[in-house]
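Hi everyone, thanks for coming. I'd like to walk you through a structure today, so let me put it up on the screen.

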Amino acid sequence: MGSLIHMQEDLNNLDMLSILQKSIDMLMSSDKEEDPDVISEDSSLLTLRIRKKALERREETIIVDRACRQETLAYEMESHAIGKRPDNPTDIVEEGELLLTLNIFYPVIFQKHKDHKPYQTVLVLGSQNLTELRDSISCVSDLQIGGEFSSQPDQAPEHISKDLYKSAFFYFEGIFYNDRRYPECRDLSRTVIEWSESHDRGYGNLQSVKMEDYVFNDVSLKIGFPYLFCHQGNCEHIIIITDIRLIHHNDCLDRNLYPLLIKKHWLCTRKCFVCKMYTARWVTNRDSLAPEDPCFFCDVCFRMLHYDAEGNKLGEFLAYPYVDPGIFN
Amino acid sequence: MSAVPGLQADCEELLGAFQQADTVRFERFAELWRERRFHTVFYGRMRALERNKIAKKTLELAQQYFLPPYAFQIRVGALYLLYGLYNTQLCQPKQKIRIALKDWPEIQKFQQDLIDSQHYDAAYIFRKLRLARAFHFTAMPKLLNYRTKKKIEENEFKEEFKDPSNRVNSLITNDVLEELMNIHDHYQKMKCAISADKSQPDKALSLIKDDFVVTLKDITLEHQEWQQNRMKLFLNAKETDETENKKKDESLLQSEGSERASALARIKYRSYSAVAEASKSRRHRQVRLESSESGKSPSRSRKTSRRPQPARRRDSPEVRGEMEVAEETVTRHVGMPVITEENSDEEEVSLPKRKRRC
């Protein structure tokens with residue numbers, strides 16, 4: 001009892017094909033001179049009439065209409081890897097591979113980010129290990145150097161936090177995937193699991209497993225649901241999976257380029273207080289020579305202001321190496 | 001993502017015109033497309049990033065019409081529309097059409113339907129899209145993004161585009177009716193087998209209406225016809241000029257209302273003859289009894305339904321006449337047990353013109 005419309009027209013197959021081809025050609029514009037940038041005055045489409053008004057308004061209000069660097073960056077990131085093929089044929093992504101799109105939010109909390117938190121978007125293959133994603137996440141807290149170095153500015157240690165605190169975990173659907181590749185890595189999730197088991201808090205069975213044993217195809221996930229990535233003990237990033245789809249001919253098929261960053265939030269870097277040109281590398285507290293607390297300096301200005309020609313410390317202050325979140329721009 | 005302003009109106013206008021043309025031939029669609037110069041929907045000076053975004057949103061909008069619950073003709077129109085939009089977009093490389101996993105079996109069924117009904121042009125267009133690798137096979141239909149929206153936009157699509165087939169039709173299918181018939185026959189035979197007279201079941205065993213399967217089928221057919229008529233009326237009413245034919249519209253819709261009333265009345269009238277069949281939802285309905293016309297079994301009576309709708313008294317016979325449907329007749333030879341229900345109000349409502357139809 002369906003309501004199929006039965007057309008009793010009998011079409012000869014060959015005739016039909018030629019009619020069909022003619023109709024298909026009819027869809028495109030035959031007028032090669034048409035300029036897609038120009039919307040004609042008498043357009044029958046509402047979309048175009050509205051768009052034309054919007055464009056005219058833009059022309060009136062914007063003095064110079066060109067892509068700002070953020071837009072250029074965004075477009076480049078989105079499209080730079082499209083269609084890429086690997087040099088080595090063994091690195092090719094196979095048909096049937098899954099492609100996941102993840103939004104990884106920054107842990108940074110600025111007032112202006114109240115409404116929408118900044119995030120980066122990463123493409124990941126289903127057959128990739130979780131550790132590959134973990135390694136690709138670049139967070140400024142990994143680069144922090146702990147310690148006060150006002151007395152020995154040249155001896156800021158080589159070790160960054162990333163090397164010192166290697167533990168990390170992902171939390172997906174009740175399972176903590178801990179990074180246990182190095183002996184220094186600890187099970188950060190143990191605290192959480194113990195806490196949830198201590199009383200009947202209503203959380204189901206939380207498990208802890210090794211991150212390196214799992215690929216994304218093995219992980220059970222919900223799309224749109226917030227998950228967690230935690231490293232450095234207390235630096236937490238929310239992860240949301242926005243899309244899962246099959247790999248496509250037009251995608252980047254070079255396995256080495258994955259996880260692929262396709263979108264990044266542009267964070268303004270803090271500049272040196274003195275020259276206002278270079279990105280800040282030092283921050284001082286309780287500095288008698290500085291007008292505000294805390295105060296940011298680039299390396300050159302910092303040394304010029306706080307140390308004399310022999311390298312002696314001038315004045316009282318505390319100095320810490322500073323890594324700006326915008327360093328990844 | 002926020003919608004492209006004006007796009008929904010344009011697409012619906014095109015699909016509406018295609019529906020009016022009452023055909024599924026691609027030629028016709030191409031003519032309509034060409035008339036409107038639809039390929040210009042991507043025009044306008046914009047940079048690559050924005051162009052990609054707009055193309056993506058356009059394809060997403062058109063894709064929604066490609067899936068159920070839209071009518072077959074609309075879905076074919078949407079297929080053609082997708083083909084047109086995919087090929088005339090200005091992005092390099094082209095933006096793809098997202099199809100969710102859950103929708104894929106529906107689409108395959110749709111393609112099979114196209115081939116079975118010999119709409120080879122539509123099937124060819126679909127194959128061309130597949131070969132052009134125009135689809136992204138995704139887990140979920142909509143790509144998520146994270147901006148807090150001030151208000152949630154709701155897409156309300158036109159009612160006319162929706163397929164009129166509905167739950168009644170999907171519940172009472174041919175298979176169901178056939179099975180009911182079989183069970184009914186079997187039941188009758190069982191009754192005969194245990195009765196004294198082997199050719200006829202005992203009067204004491206008669207608890208159901210014999211022709212209920214036939215009746216059920218009639219009712220469903222009538223319902224479907226009514227729906228189609230209503231659809232047509234609705235479309236006609238929309239088409240006619242508002243200022244001129246307002247009254248005509250009103251009377252059309254009015255008579256539609258009374259048609260509906262009479263049709264419903266008739267359906268209920270028939271179904272009320274079968275006590276056992278009265279659905280639970282209708283228990284509350286007031287019913288009144290009438291003695292049997294034929295007088296064959298004076299101890300039993302048939303039930304007639306009274307519609308508790310004094311406002312609808314204008315369901316006049318001339319309107320009812322329009323709804324003649326060819327129906328089968330089956331001899332009734334059993335009556336119903338007597339059941340009285342309380343309703344003092346119902347005494348007033350009388351519809352003497354209503355005749356019981358066999």
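Let's start with a count: how many salt bridges does the rule find over all chains? The count comes to 19. Please keep in mind as we go that this is a predicted model. As a reminder, side chains of opposite charge can pair when their charged atoms come close.

Let me show you one of these pairs, in chain A. A:Glu194 forms a salt bridge with A:Arg190, and their closest N and O atoms are 3.5 Å apart. How far along the helix are these two from each other? Both belong to helix α6 of chain A, residues 189–198, and because they are four residues apart there, about one helical turn separates them.

Now let's go to the place where the chains meet. Chain B brings 68 residues to the contact and chain A brings 59. Between them, about 5800 Å² of area is buried, and carbon and sulfur atoms give 60% of that. The rule finds five salt bridges across this interface. If you'd like one to look at on the screen, try B:Arg51 with A:Asp37, where the closest N and O atoms are 3.9 Å apart. The cut-off for a salt bridge is 4 Å, so that pair falls within it.

Next, some helix packing inside chain B. Take helix α2, residues 26–36, and helix α4, residues 72–88: their axes are 10 Å apart and they pack at an angle of about 55°. The two are therefore oblique to each other, and the crossing of α2(B) and α4(B) is right-handed. From α2(B), the contact uses B:Phe26, B:Phe29 and B:Trp33, while α4(B) offers residues including B:Tyr80, B:Leu81 and B:Tyr83. By class, that contact of α2(B) with α4(B) has seven nonpolar residues, three polar and no charged.

And what about the other pair, helix α5 and helix α6 of chain B: at what angle do they pack? Here α5, residues 104–116, and α6, residues 120–131, pack at about 140°, with axes 8 Å apart. That angle makes α5(B) and α6(B) oblique to each other too, because the roughly antiparallel class takes angles over 145 degrees. The crossing of α5(B) and α6(B) is left-handed. Among the residues that meet are B:Trp104, B:Ile107 and B:Gln111 from α5(B), and B:Phe126, B:Arg127 and B:Arg130 from α6(B). This contact of α5(B) with α6(B) divides into eight nonpolar residues, one polar and two charged.

That's my tour, and I'm happy to go back to any of these spots on the screen.

Note on methods
Residues are numbered from 1 along each chain as its sequence is written. Chains are lettered from A and ligands numbered from 1 in the order in which they are written. This is a predicted model: local features need pLDDT of at least 70, side-chain atom pairs count only at pLDDT 80 or more; totals for chains, interfaces and linings use all residues. Side-chain values use heavy atoms; hydrogens and water are left out. Axes are lines fitted to C-alpha atoms, for helices over the stretch in contact, and angles run from 0 to 180 degrees between N-to-C directions. Angles under 35 degrees count as roughly parallel, over 145 as roughly antiparallel, 65 to 115 as roughly perpendicular and the rest as oblique. A crossing is left-handed if the near helix is turned anticlockwise from the far one by less than a right angle, and right-handed if clockwise. Contact means heavy atoms within 4.5 Å. Ala, Val, Leu, Ile, Met, Phe, Trp, Tyr, Cys and Pro count as nonpolar, Asp, Glu, Lys and Arg as charged, and the others, Gly among them, as polar. Buried area is the accessible area (1.4 Å probe) that two parts lose on being put together, summed over both. A salt bridge is a side-chain nitrogen of Lys or Arg within 4 Å of a carboxyl oxygen of Asp or Glu.
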